[in-house]
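Please find below some comments on the helix packing, set out for a colleague who has the coordinates open.

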Amino acid sequence: MKRVFSGVQPTGNIHIGNYLGALKQFVELQQDHDCVYCIVDLHSITMPQDPKVLRENIMDVAALYLAIGLDPKKSIIFVQSMVPGHTELAWILMCNSYTGELSRMTQFKQKSRDSESAPTGLFTYPILMAADILLYDTDVVPVGNDQKQHIEITRDLAERVNNKYGKTFVVPDGRFLKEGARIMSLDDPTAKMSKSAENIHSRISLLDDTNKIKKSIMRSTTDSEGTIHYDMGSKPGISNLLNIYSAFSGLGVVEIEKKYEGRGYGDFKKDLVDVTVEAILPIQQRYHEIRKSQELIDILKDGAEKANTISEKTLTRVKEKFGLGL
Ligand code: TYM
């Protein structure tokens, strides 16, 4: 079976972009793949975090993983900082990466804003992500489009090490969904939906109540044309809503366009509220059942143990190739 690895940062507000771009794929893939899903807490501290809030966020993501349908009997679910191999491999990879390629990463450029006091961890973030993936001999990485550059650098690093030291790593492929790969912000459909945007109505979080979902969708930015037609270039607002409708309902965009021929944005948005709530409500119900349970902690401990076993095996192989240790 092919190995799948992916991760989500515990930075709060897991939204429908995260779900439709990545998390939904996690569930599908666990049927016929060997899956490893991580809560990447070490990545989250590249930006300032309140320790108490971070702990809660880690447990929130873990509970959401289970609530969307991840099954700990099928998938390994764990917290990154509980497996020391991630940072160990990151160091080895760092010694094989170039400052030039890291300087070109768009995420670093955006988040550091050219400031000399940007944390070094923000600069080396892609290397830790490459270590996450390569540590598990991963074949497939299900992610949203915004992670494309990170997957590319992971592949480059794997190939570079393989060329220099002989076959050491599996070279992974990214897996991107058509409709969900890039869910845009509801108030500015030219920017991606993000956890950190100031306006809470720019996103729908998986834990939003029905009222909030309704408000965010009904006030979302569209255009003055009034026709429900997909065209990301000239009608990014309605196209984004069509993508969300399609990803939640399973209907194709053309089918949805036909259904709403001659009808206005108000009608369409009202139905999109229903489609969204119908998809999210069962997730919320399961989330509340699981969130405070001892079972959740046991699952994460068990996951870390299993992840450690794989990680130690890979590191033994890597160290041998590099001539490290005895
Ligand atoms: P993070 O926590 O920002 O996002 C988690 C996943 O959600 C996807 N995503 C989106 N998809 C569609 N539309 C959007 N608006 C949207 N916003 C976010 C992301 O692409 C991601 O798949 N660097 C990663 C975490 C990470 C990781 C890894 C992922 C660390 N190590 C190893 C895969 C493999 C990140 O910041 O994701």
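The points below take up one helix, one helix pair and one residue in turn.

1. The model is predicted, and the remarks here should be read on that footing.

2. Helix α4 spans residues 85-94. Its buried residues are Gly85, His86, Leu89, Ala90, Ile92 and Leu93. Viewed down the axis of α4, these buried residues fall within an arc of 165°, so they line one face of the helix.

3. Two strands and three helices receive the buried residues of α4: β1 (3-8) and β3 (75-79), together with α7 (120-134), α8 (148-165) and α13 (294-322).

4. Helix α3 (residues 51-67) packs with helix α12 (residues 265-290) at an angle of about 125°, and their axes are 8 Å apart. Angles from 65 to 115 degrees count as roughly perpendicular and those over 145 as roughly antiparallel; α3 and α12 are therefore oblique to each other. The crossing of α3 past α12 is right-handed.

5. On the α3 side, the residues that meet α12 are Asp60, Ala63, Leu64, Leu66 and Ala67. Their counterparts in α12 are Ile283, Arg286, Tyr287 and Ile290. By class, this contact of α3 with α12 has seven nonpolar and two charged residues, and no polar ones.

6. Is Thr124, a residue of helix α7, buried or exposed? Buried means under 20% relative accessible area, and Thr124 has 17% relative accessibility, so Thr124 counts as buried. With neighbours within four places in sequence left aside, Thr124 is in contact with Met94 and Leu102. Helix α7 is also one of the elements against which the buried residues of α4 pack.

Technical notes
Residues numbered from 1 in each chain as written. Predicted model: local features only at pLDDT ≥ 70, side-chain atom pairs only at ≥ 80, totals over all residues. Heavy atoms only, no water. Buried < 20%, exposed > 50% of the residue type's maximum accessible area, 1.4 Å probe, protein only. Helix = DSSP H or I, 4+ residues; strand = E, 2+ residues; numbered from the N terminus. Arc of directions from axis to C-beta. Contact = heavy atoms within 4.5 Å. Axes fitted to C-alpha atoms, helices over the stretch in contact; angles between N-to-C directions. Parallel < 35°, antiparallel > 145°, perpendicular 65-115°, else oblique. Left-handed = near helix turned anticlockwise from the far one by under 90°. Nonpolar A, V, L, I, M, F, W, Y, C, P; charged D, E, K, R; others polar.
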